[in-house]
Amino acid sequence: MSPSVGRRVRRRRRVGLAFAVVVLTVAILVSFQAQRESRRGPVAKPLPGPSLRKLAKADDLLLGTALRDQPLRDEPGYRKDLVGEFAAISPENAMKWDALEPERGKFTWGGADRAVDFAAKHGLKVRGHTLVWHAQLPGWLTGGDFDRGGLLRLMTGHVKRVMGRYKGRVKAWDVVNEAVAEDGSLRQSLWGKELGPGFIAAAFEAARKADPKARLAINEIGAESTGPKSDTLLRIVRELKRQGLVDEVGFQAHFNLDGVPETMEANLKRFAALGVDIAITEADVGVPDDAGPEALDAQAKVYAELVKTCRAVPRCRALTVWGYTDRHSWIPDNQPGTGRATLLDDELAPKPAYRAFQDALRGS
């Protein structure tokens with residue numbers, strides 16, 4: 001090969017390499033932009049007014065939603081609908097112990113701080129969730145070799161530390177969550193097994209001292225109807241009320257197409273008779289993945305019935321849906337084969353449940 005031919009070959013190779021680099025760079029930028037747009041989520045859709053927030057306020061009902069940190073940071077549509085439709089937020093996971101203190105003494109306040117700051121900026125109330133629970137505890141705590149006194153000090157210290165950080169900025173706290181087993185016995189969790197039933201009052205005493213103006217709640221799952229579980233919860237609440245330690249009782253209301261329990265209204269009224277307020281704290285209505293469009297109409301009826309049940313109890317003063325869009329719902333991951341549990345679909349468009357919720361708030 002002559003020198004001139006060799007130079008031409010090398011030149012073509014350099015040009016080809018440069019072109020390939022340009023193509024690869026463009027592909028990377030396009031991919032990055034696509035990922036960025038994906039993370040930004042769908043654009044908020046026009047929702048038929050008036051807003052749920054406005055309707056609930058007219059009925060003196062505080063309407064809230066669970067809030068996730070990732071879409072709060074990344075998705076403008078999520079933020080827009082949240083502020084437009086709700087008056088309160090419950091951080092879904094950011095205030096749980098494993099999120100706040102994954103390593104002993106090392107705290108990660110970012111998600112919780114963002115939630116509280118966002119609420120303050122937009123005039124939203126905050127429901128702190130949750131201080132003492134048997135799940136989502138850090139490994140250093142569940143695997144630690146603590147004696148009874150040490151464990152009690154850790155629990156009450158956690159309550160004081162978290163509530164102290166947000167003193168005056170959180171309206172209500174789920175102080176103790178899911179303390180009662182299905183058969184009505186004390187749940188044999190880390191707290192129940194090691195500390196006995198006294199851990200409940202101890203947690204509330206610490207909470208009352210940490211922020212005397214915050215409203216304190218005990219929150220329970222599967223206690224919406226009368227039965228052994230709600231009977232035990234009633235006894236616990238009666239004693240906490242006698243000691244001046246509890247202000248609200250939270251009923252989670254994770255329902256499905258079986259509907260609202262027949263005895264729910266009567267059950268809520270017997271708790272209200274103790275002189276405490278009632279809060280529906282984590283409402284959703286799961287739908288089987290293989291169900292047809294008629295299932296969404298059935299879901300709408302369940303949501304409407306839940307709102308009507310709350311409105312039938314004068315002391316039911318707060319209702320929180322556990323996420324408002326199917327795009328960000330805990331149901332598919334935790335109840336396989338079930339999803340579509342919220343008021344808006346994956347693209348933030350209203351489902352029949354949204355309109356039924358509106359009508360129920362209107363009283364129609």
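**Close-ups of charged pairs and a disulfide**

**View 1. Asp174 and Arg127 pair up through their side chains in a salt bridge, at 3.0 Å from N to O.** This is a predicted model. The contact bridges distant parts of the chain: Asp174 sits in strand E4 (residues 172-177) and Arg127 in strand E3 (residues 125-128), 47 residues apart. Both Asp174 and Arg127 are buried.

**View 2. Here Asp277 and Arg315 make a salt bridge, with 2.9 Å between the closest N and O atoms.** Asp277 belongs to strand E8 (residues 277-285), while Arg315 is in the loop between helix H13 (294-311) and strand E10 (316-321), so this pair ties together parts 38 residues apart in sequence. Asp277 has a relative accessible area of 7%, so with the buried cut-off at under 20% it counts as buried. Arg315, at 27% relative accessibility, is partly exposed. Zoom out a little and shared partners join the salt bridges of Arg127, Asp174, Arg215, Glu248, Asp277, Arg315 and Arg317 into one network.

**View 3. Lys106 and Glu103 form another salt bridge, their side chains meeting at 3.7 Å, N to O.** Glu103 comes out as partly exposed, with 45% relative accessibility. Across the structure there are 22 salt bridges.

**View 4. Cys310 and Cys316 are joined in a disulfide, with their sulfur atoms 2.1 Å apart.** The structure has 1 disulfide. Its S-S torsion, between Cys310 and Cys316, is about -100°, which makes the disulfide left-handed. Are these cysteines, Cys310 and Cys316, buried or exposed? Cys310 is buried at 1% relative accessible area, and Cys316 is buried too, at 6% relative accessibility.

Key:
Residues are numbered from 1 along each chain as its sequence is written. This is a predicted model: local features need pLDDT of at least 70, side-chain atom pairs count only at pLDDT 80 or more; totals for chains, interfaces and linings use all residues. Side-chain values use heavy atoms; hydrogens and water are left out. A disulfide is a pair of cysteine sulfur atoms within 2.5 Å. Buried means under 20% relative accessible area, exposed over 50%, partly exposed in between (1.4 Å probe, protein chains only). A salt bridge is a side-chain nitrogen of Lys or Arg within 4 Å of a carboxyl oxygen of Asp or Glu. Helices (H or I, at least four residues) and strands (E, at least two) are DSSP runs, numbered from the N terminus.
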